[in-house]
Amino acid sequence: MLFLGCIKEVSDYELVISLPNGLSGFVPVTQISDAYSKMLSKQVAQGEVLEDLNSLSDMYSPGTLVRCIVTSVEKSADGRRSIKLSIDPKKVNKGLNASALASGMLLSGFVSSVEDHGYLIDIGVSGTHAFLPRQKAQNYIKAVMRGSDLKIGQNLNCVIVEVKNEGRVVRLSIDRSEVAASLATERQNWTLSNLLPGLVVKARVQKVAPMGMKLSFLSSFTGVVDFMHMDPEKSTTYSPDQVVKACILSVHPTSKVVRLTLRQAFLHPGGSPNQLSNDRMGAVVEESTVKAFYKQFGAVLELDDGTLAFARLKHLSKTRKSFKPGSFKAGCKHKCRIIDYSLMDEMCIVSLKHQIIEARFLQYQDIHTGDVVQGKVFALKPIGMQVKVTDGIKGLVPSMHLADVILKQPEKKYNVGDEVKCRVLECNPAGKKLILTLKKSLVQSKLPVLSNYEDAKPGLITHGFVVCAREFGCIVKFYNDVKGLVPKNELSSEPISCPDKVFHEGQVVKVMVLKCEPQQERLLLSFRVSSKPALNDKKEVKYQIGEMVDVKVLKKKDNGLEVSVLEGEGSVVAFIPTAHLSDFVVNCKLLWHCLQEGDVLPRVMCLSDKGEHVILSRKSAVISAVQEEQVVRSFSEIQPGMLLTGYVRNVMPFGVFVEFPFGVTGLAPKVSMSDKFVTDTKDHFVVGQTVIAKVMSIDEEKQRVLLNLKVSECSSGDSAAESFALLNQYFKEMKEIRNLLRRRGESSMAQGLSELVPGKELQLVVQDVKEDGSALFSGSSVTGLTVTATRYHLGEKSTAPGENTKALVLHVDALTSKVYVSLREKLLKQ
């Protein structure tokens, strides 16, 4: 099918063409003309740039009208149709032969060679030599080309001036006034098989209908003008038998339906349709008025500035079911957003869909470097992953940026359709190029985004990623291809002999700008990012992980204790999380409850010295593991089969994350959590609980450790001795808690609690026997406490309220002031 189209965008490899009725098509670089394709092939074969080969952007500019032919219609992966076109004259003018050529005809031609006296023009008619004399091109070169010569592969509107030797030789003109005045007439012998889009004809109105008009032209042909192509100024004044000027828009090869336009911009060949001002694209129009509604196509609306716009049927409502035709009567008002502009219809294309009106991004121009965007995985390719940000915006996540570490098998981590959160590394709207990163450290970074050399002021601290590590140092890249060098002496406070062993490609790093020369695009960086400047030059005290210190409680906080380290001037403030007060979860809460400001805790271990506070731990199992060197200091030291002491960091429905001293973490999946069957992971572990874990496997690519927490698997051999050592440690801590309670002495209840130890015999009075068979007691030694015994621990004999009895203490819960006792003879006799 033949179309008149208008160039919308020009890239290195294709032209994007606006077609009538809001359609778009693409002309690949190989479908320009024979002469241009030959030069491309020659350049590829020689492997070097040819001087006289011009790029598409040198020869074509948006707004130019071109004749094109549809070569194929393909369905893309997301179900959209893609129209492929050609502007090659051999295809466009294939209906013409040498004998049909006549003077006055307007044709598409392409410059195929530049000669001394003029130009050889390819008009796609075999056996015909077309020549354009220089004087017939002067006026065009001066006005359009601004004095530069015509280029091979350039598309021209040519008028035949003279035909010789039965069409074997023709002389052409591209003089702008001659082209603009050209009119197709009966004398030129046009037939339906060689009729071309772009021809301007005199036509007579045959019939006027709401959806358009029927015209007759060139004596025997009929054509159709649809509602979008009537002249908006005169659309209501057309009447039968009226003579009008019209331009052919399209010719269907089989049905021979000819469509025409009466819009002014197309009535002079060589003209150009009106364009939309850039600031209107993406604009939201609060009130647009319905002018007309066509149930098969959509609605024509009038915008706030009086221009007309078209909304396709699918853009009138969220779904087909939610569409209400009643709200599209003439005069109804709607909120809409300009989503496109159809050059061939000189109309804005709008959408009334709520999600499009509210959308943050509509076109590549709306996206800025450093923006965090949500998208869907569209395809996985060897070079990386394609992500769809919106219907019209797609981006690429290069392989290096799929995760903080390089993934060997990305398909294991990502599936098509997955929602992902990315950050924009680079955006080039002209080339529709969008490069994204999925590196968590970059996506979540709160540091400034460095996207041009001018912003790289000395002292600026930001995140980047390593692109190369060599003996001279590291090259670090930021956004928009900004890159800088970290010389060897700035890699670390300690000397590093082989940077390539320490740093790897893709690694996210925190850097400080030392020096920048924006003109030369030179940037000098350092990895030695100093932390907060020390106040009044107070010397900064650093603690090694595993170092033992004595501390004094400064303040009780909801999640732990703020303490000061008792050495030097005692000025270092540290923090003990509640979960790190003991290996036993119950004792953690008790100790927090009993400890008060001013209390001193001896021999506490430094767990980490990052961020604002030094984090300390009192977990004796963790302390002894560090002291006996039964720890791993980095991921590379881990081996399957190792037994490691750690603490629960997180309990998830699929398993438990365990952290070890020095920051290494691992996951115990649900199946490897317990010797019992696990229904709910929360029933088996709590955050902060000390555990012994066995390393099952390691995945270096994902830096992941899989663990086993089954007691049967995690014993070093003598399980009885281990159990007694743990029990012994528990009683030792309970004794410490009793001493704390005794020292308080602020209430007789605390005193009473501190006196009660498991195994102690008490004289009690039965107060109440409950329905479930358990009993409550009172007595002088347990004033203010709740004393209870379960049905089993009441023994054989029956008990009644008011009865005196002997009882044995089983367990004391100091937090709830509850004492559990037993009346069983067997226990009392011991």
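**View 1. Strands β7 and β8 pair in the antiparallel sense.** In this predicted model, strand β7 covers residues 118-122 and strand β8 covers residues 129-133. Four bridges join the two strands. Look for Y119 and then for L132 in β8: they stand opposite each other. Both strands also belong to a closed barrel. Five strands make up this barrel, in the order β6-β7-β8-β10-β9, and their pairing is mixed. From one strand to the next, the twist averages 50 degrees.

**View 2. UniProt lists S1 motif domains along the chain.** The entry is unreviewed, and the feature is called "domain: S1 motif". Its listed ranges include residues 104-175 and 370-439. Residues 104-175 are 8% helix and 47% strand. The C-alpha atoms at the two ends of that stretch are 13 Å apart. Residues 370-439 are 0% helix and 54% strand. There, the end C-alpha atoms are 13 Å apart. Further ranges in the UniProt list include 459-528 and 641-710.

**View 3. Strands β29 and β30 form a hairpin.** Strand β29 spans residues 508-517, and strand β30 spans residues 522-526. The two run antiparallel, with five bridges between them. Find C516 and trace across to β30: its bridge partner is L523. Four residues lie between the strands. One of the turn residues is E521, with a positive phi of about 55 degrees.

**View 4. F217 and F221 make an edge-to-face pair.** How many aromatic pairs does a search of the whole structure find? The search finds eight. In the pair shown here, the ring centres of F217 and F221 are 5.6 Å apart. Their planes meet at 75 degrees, so the pair counts as edge-to-face. F217 and F221 are both buried. Elsewhere, ring pairs link F293, F323 and F328 into a cluster.

**View 5. Lysines sit over aromatic rings.** Start with K394 and F378. The charged end of K394 sits over the ring of F378, at 5.2 Å from the ring centre. Now turn to K556 and W592. K556 lies over the face of W592, and its distance from the ring centre is 4.5 Å.

**View 6. The cysteines C336 and C427 are shown in a model with zero disulfides.** A disulfide needs two cysteine sulfur atoms within 2.5 Å. C336 is in no disulfide, and its nearest cysteine sulfur belongs to C348, 8.9 Å away. Is C336 buried or exposed? C336 is buried, because its relative accessible area is 0% and the buried class takes values under 20%. For C427, the closest cysteine sulfur is in C422. The gap is 13 Å, which is too far for a bond. C427 is buried too, with a relative accessible area of 15%.

**View 7. V705 is a buried residue in strand β40.** Strand β40 runs over residues 704-708. V705 has a relative accessibility of 1%, so V705 counts as buried. Where does L667 come in? L667 and V705 are 38 residues apart along the chain, yet their C-alpha atoms are separated by 6.2 Å.

Conventions
Residues are numbered from 1 along each chain as its sequence is written. This is a predicted model: local features need pLDDT of at least 70, side-chain atom pairs count only at pLDDT 80 or more; totals for chains, interfaces and linings use all residues. Side-chain values use heavy atoms; hydrogens and water are left out. Buried means under 20% relative accessible area, exposed over 50%, partly exposed in between (1.4 Å probe, protein chains only). UniProt positions are given in the numbering used here, feature names are shortened, and annotations may be inferred rather than shown by experiment. Two strands pair if DSSP finds at least two bridges between them. Rings of Phe, Tyr and Trp (its six-membered ring) pair if their centres lie within 6.5 Å; planes under 30 degrees apart count as stacked, over 60 as edge-to-face and the rest as tilted. A charge sits over a ring if NZ of Lys or CZ of Arg is within 6 Å of the ring centre and within 35 degrees of the ring normal. Axes are lines fitted to C-alpha atoms, for helices over the stretch in contact, and angles run from 0 to 180 degrees between N-to-C directions.
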